[in-house]
Amino acid sequence: MLIGLVRDSVMQCFCHTCRAPGILPAVSRRSAPMKKNNKIRSKQPRLNKKVKFITTEIRCQEKSRGGLSYEVILAEPAPNVAVPKRPVTPGKNVSAEEIEQKLKAAEERRISLEARKMAEISIKLAKVEEATRKKDEITNEFITQTKEQLESKMENHVEKREAIISDMKEKLKIHAQEIEKTRETLEQQKANEQKAIEEKLKTAQALRDENIKKMLNRLKEHERRAEVVRQNKAQTQDMDGQQSPIASSG
């Protein structure tokens, strides 16, 4: 059975479109189910050629215990067949003029080839120069645009800074003016208060002087009255003293 399977596998064509005549392989009872191939195969045109079958022979030999080796002989050895030789063309008699013409043609071809190569190289160099020029132009344009953008940004920054500084100066000026006004107002208030205090002190001094004068006048009046009372009392005592001797004499 094993020999038959090997023989059938050898006899079968690899393209699976044709098979050599032989015994069909025995199908085992527990063979695996065939999978359906849903792939669409392209149809190849069939060639009207007859298949030439070659006689084959398989030799089996047991070299070791449990191991087999097979020799597949496709055909009998062919006898020695003489290979047909290529006929030798007779040589041509080439003249010196033809050789010179061929050399000139070869030189012209070489010159034209060199000229074509030089033209291609010049075209490539021109392309490289053009690419370099475009690259330089793009780089210079980028540098110019970047420089202009930076300059415009710097100008805007300077203008903004000057505007901020001028605004701050204006605010400081207004603040200084407000401080000056407040200082002048405080000085005016201080002067007014000082004047009012001086006037109050003058008024108080005048009142004090007037009160002192009144008190002195009162004291003088009191002393005068006291002097009058003392004089009246002294006169009364003198009169009483004169009356007492008269009474004693009577």
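**Charged side chains in helix 2**

Q: Where do Glu100 and Lys104 lie, and how many residues apart are they?
A: Both lie in helix 2. They are four residues apart, about one turn of the helix. Keep in mind that this is a predicted model.

Q: What do the two side chains form?
A: A salt bridge. The closest N and O atoms of Glu100 and Lys104 are 3.9 Å apart. Side chains of opposite charge can pair when their charged atoms come close.

Q: Why does 3.9 Å count as a salt bridge?
A: Because the cut-off is within 4 Å, from a side-chain nitrogen of Lys or Arg to a carboxyl oxygen of Asp or Glu.

Q: Is Glu100 buried, exposed or partly exposed, and what is the relative accessible area?
A: Glu100 is partly exposed, at 44%.

Q: How many salt bridges does a search of the whole structure find?
A: Twelve.

Q: Let's move along the helix. What does Glu130 meet in a salt bridge?
A: The side chain of Arg133, at 2.1 Å from N to O. Glu130 and Arg133 are both in helix 2, three residues apart, about one turn.

Q: And which side chain does Arg133 meet at 2.5 Å?
A: That of Glu137, in another salt bridge, N to O. Arg133 and Glu137 are four residues apart in helix 2, again about one turn.

Q: Which residues does the network built from shared salt-bridge partners join?
A: One network joins Glu107, Arg110 and Glu114.

Q: Back to Glu130, Arg133 and Glu137. What is the relative accessibility of each?
A: Glu130 is at 32%. Arg133 is at 37%. Glu137 is at 41%. Glu130 counts as partly exposed, as does Arg133, and Glu137 is partly exposed too.

Q: New topic. Which residues gather in the patch of negative charge on the surface?
A: Glu148, Glu151, Glu155, Glu159 and Glu162.

Q: Where does Glu162 lie?
A: In helix 2, which runs over residues 96-249.

Q: How does Glu162 count, buried or exposed or partly exposed?
A: Partly exposed, with a relative accessible area of 48%.

Q: Why does that fit a patch residue?
A: Patch residues need over 30% relative accessible area and no salt bridge. Glu162 is at 48%, so the area condition is met.

Methods. Residues are numbered from 1 along each chain as its sequence is written. This is a predicted model: local features need pLDDT of at least 70, side-chain atom pairs count only at pLDDT 80 or more; totals for chains, interfaces and linings use all residues. Side-chain values use heavy atoms; hydrogens and water are left out. Patches are made of residues with over 30% relative accessible area and no salt bridge: like charges are joined within 9 Å, nonpolar side chains (Val, Leu, Ile, Met, Phe, Trp, Tyr) within 5 Å. Accessible areas come from the Shrake-Rupley method with a 1.4 Å probe; for residues, only the protein chains shown count as cover. Lys and Arg count as positive and Asp and Glu as negative; His and the chain ends are not counted. The place of a charge is taken as NZ of Lys, CZ of Arg, CG of Asp or CD of Glu. Helices (H or I, at least four residues) and strands (E, at least two) are DSSP runs, numbered from the N terminus. Buried means under 20% relative accessible area, exposed over 50%, partly exposed in between (1.4 Å probe, protein chains only).
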